[in-house]
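Colleague: Please take one part of this model and look at it closely for me, then connect it to the rest of the chain. I would enjoy one long answer.

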Amino acid sequence: MKEKDMSINALLSQYGDKYLSALLTTYELTALAFIFAVIIGIIITVMRISPIKPLRVAADFYVQVFRNIPGAALLILLVYALPYLNIVLSYYICVLIALTLIPSAFCSEYLMAGMNTISPGQIEAARSLGMTFMQMVKNVVLPQAVRSTVLQMTNLLVATMLTSALASQVPLNPTDLTGIVSYINTHAVGGVTAFMISAVLYCVTAVVIGQLGNYIDRKVRILR
């Protein structure tokens, strides 16, 4: 006879501490991956608008590769293929790399779209003032591009958090919000209820991030 799924109260009573640990692990992975992704995305974007053609080609290739590769496939390559090259990384680092490379490509795409909102007159004015390429990027281009893409970056942060579920594909300890469901179901009968608790935590976090993103966007939005 099939066992009945545990109630929400029973699950939280027995595994509440593990849910909290999983939530913190998800937040940690998301924050680190997003920060690294933004840094890499900015570097790639600068390369894509660089006057040096090899840099533009390399950056465009990077974006095309990591924008189109599935996260699970990238994680499998990092975990199982790299050891054949005598490169052995911890499961945590593999997950973090996978969570960083893919969002960084989308970050670059969003920044490129943000740059399209900058009027050519501002670029010409910067050149007439004798600014170098890097000075123009630092003082004129990037600040406006970032301010124009707050909502897109907010969506990217939410997507990065949801993609952190990749961590459940490897034996990560402590586990993430998706991995905790598998842990519970191997020790008890959490069933759909265990999934529901994780789903609610994901949704609440996404809503909070979305509201913060909207607030920041209203504060820094460039009125044209």
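**One residue and its surroundings**

Modeller: Gladly, let's begin with R48. Leaving aside residues up to four places away in sequence, R48 touches R56, A59, D60, V63, S108, E109 and M112, where contact means heavy atoms within 4.5 Å. Before going further, please keep in mind that this is a predicted model, in which local features need pLDDT of at least 70 and side-chain atom pairs count only at pLDDT 80 or more, while totals for chains, interfaces and linings use all residues. Residues are numbered from 1 along each chain as its sequence is written, and side-chain values use heavy atoms, with hydrogens and water left out.

R48 belongs to helix α1, residues 8-48 (helices are DSSP runs of H or I with at least four residues, strands are runs of E with at least two, and both are numbered from the N terminus). Because its relative accessibility is 14%, R48 counts as buried; the cut-offs are under 20% relative accessible area for buried, over 50% for exposed, and partly exposed in between, with a 1.4 Å probe and protein chains only. One of the touching residues, S108, also pairs with R48 through a side chain to side chain polar contact of 3.0 Å. Such a contact is a pair of N or O atoms within 3.5 Å; within protein, one must be able to donate a hydrogen and the other to accept it, and residues adjacent in sequence count only if both atoms are side-chain atoms.

M47 sits in helix α1 as well. With residues up to four places away in sequence set aside, M47 touches L55, R56, A58 and A59. The C-alpha atoms of M47 and I97 are 21 Å apart, with the two positions 50 residues apart along the chain.

From here we can move to helix α4, residues 91-115, which packs with helix α6, residues 133-148, at an angle of about 105° and with the axes 8 Å apart. The axes are lines fitted to C-alpha atoms, for helices over the stretch in contact, and angles run from 0 to 180 degrees between N-to-C directions. The two helices, α4 and α6, are therefore roughly perpendicular to each other, a label for angles of 65 to 115 degrees; under 35 is roughly parallel, over 145 roughly antiparallel and the rest oblique. On the α4 side the contact uses L111, G114 and M115, and on the α6 side V141, L142, A145, V146 and S148.

V141 has a second role in this account: α6 bends by about 40° there, and a proline, P143, follows within four residues. That bend is the angle between axes fitted to the seven residues ending at a residue and the seven starting there. The buried residues of α6 are M136, V137, V140, V141, L142, Q144 and A145, and their cover includes α1, α4 and α5 (120-128).

For the wider view, the chain has nine helices and zero strands. Of its 224 residues, 39% count as buried, and its C-alpha atoms fill a box of roughly 80 × 45 × 25 Å along the principal axes. Among contacts between residues at least 6 apart in sequence, 78% join residues at least 24 apart.
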